[in-house]
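The exercises below concern one protein chain. Try each task on the displayed structure before reading its solution.

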Amino acid sequence: MAHAAGGPLGQGESPTVRIARGGERRRSTMIWQVLSAVALLAMGGIHLYLVVWGGTGGVLGNLFLLNALGGLVLAIAVVVTRGQLLAISTVLGLLFLAGTLAALVLALTVGLFGIESSLEYELATTTLVVESIGTVVLLITTALVLRRR
């Protein structure tokens with residue numbers, strides 16, 4: 001008689017059974033993908049809100065619209081892609097969200113391209129929290145996806 005590893009059973013050995021856990025890993029990764037998409041949508045939604053209802057206009061308003069569009073596209077990509085494209089999508093999502101967070105931090109501290117912000121501005125604190133949490137979520141998602149490869 002042979003055990004699951006393929007060799008013969010010795011005296012006192014019992015057969016081993018290996019259970020594939022790939023389905024559990026895929027489910028776990030999918031949960032993180034959805035959380036990542038929610039974070040990207042939340043970030044994009046905040047920027048869209050600031051343009052439409054918050055009165056942000058000009059060049060900054062246009063950049064906020066591009067941010068909202070980029071967040072939407074990356075959120076969709078993080079959920080629907082697989083394999084190599086999923087790895088690319090999560091890395092791009094992470095870089096995008098972390099970059100947006102870095103831009104906000106710079107605007108709050110030393111200014112960015114002549115733009116200075118304050119935590120007193122509408123949704124500044126909320127944005128800081130959402131983008132910080134989103135960056136951590138996307139970091140975890142990216143690590144899971146790259147580890148799975």
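A residue counts as buried when its relative accessible area is under 20%, and as exposed when that area is over 50%. The model used here is predicted.

**Exercise 1.** Decide whether T29 is buried or exposed, and find its contacts beyond the neighbouring sequence.

Solution. Begin with the location: T29 is in helix α1. Next, take its relative accessible area, which is 3%. The cut-off for burial is under 20%, so T29 is buried. Finally, set aside the neighbours within four places in sequence; T29 is then in contact with L144, V145 and R148.

**Exercise 2.** Place A68 in the fold and classify its accessibility.

Solution. A68 lies in helix α2, which runs over residues 58-80. Its relative accessibility is 13%, and therefore A68 counts as buried. The buried residues of α2 also include G61, F64, N67 and L74. When residues up to four places away in sequence are not counted, A68 touches G44 and L48. For a distance check, take V51, 17 residues from A68 along the chain: the two C-alpha atoms are separated by 9.8 Å.

**Exercise 3.** Test the length of α2 against the expected rise of a helix.

Solution. The helix has 23 residues. The expected span is 1.5 Å times one less than the number of residues, so α2 should span 33 Å. The C-alpha atoms at its ends are 34 Å apart, which agrees with that value.

**Exercise 4.** Describe the largest pocket and its lining.

Solution. Start with the volume, about 650 Å³. The pocket is lined by 23 residues, and those closest to its centre are H47, L60, F64, A107 and I115. Now assign the lining to helices: α1 (22-52), α2, α3 (83-109) and α4 (124-148) each supply at least two residues. The largest share, five residues, comes from α2. Sorted by class, the lining of this pocket has 14 nonpolar, six polar and three charged residues.

**Exercise 5.** Summarise the whole chain: which secondary structure does the protein have, and how many of its contacts are long in sequence terms?

Solution. The protein has four helices and zero strands, in the order α-α-α-α along the sequence. Of its 149 residues, 32% count as buried. Consider contacts between residues at least 6 apart in sequence: 66% of them join residues at least 24 apart. The accessible surface comes to about 9,200 Å², with 68% belonging to carbon and sulfur atoms.

Notes: Residues are numbered from 1 along each chain as its sequence is written. This is a predicted model: local features need pLDDT of at least 70, side-chain atom pairs count only at pLDDT 80 or more; totals for chains, interfaces and linings use all residues. Side-chain values use heavy atoms; hydrogens and water are left out. Buried means under 20% relative accessible area, exposed over 50%, partly exposed in between (1.4 Å probe, protein chains only). Contact means heavy atoms within 4.5 Å. On a 1 Å grid over the protein atoms alone, a cavity is a set of points where a 1.4 Å probe fits but cannot get out, and a pocket is an open set with protein on both sides within 12 Å along at least five of seven lines; lining residues have an atom within 4 Å of a point. Grid points are joined across faces, edges and corners, and a volume is the space filled by probe spheres set on the points. Ala, Val, Leu, Ile, Met, Phe, Trp, Tyr, Cys and Pro count as nonpolar, Asp, Glu, Lys and Arg as charged, and the others, Gly among them, as polar. Accessible areas come from the Shrake-Rupley method with a 1.4 Å probe; for residues, only the protein chains shown count as cover.
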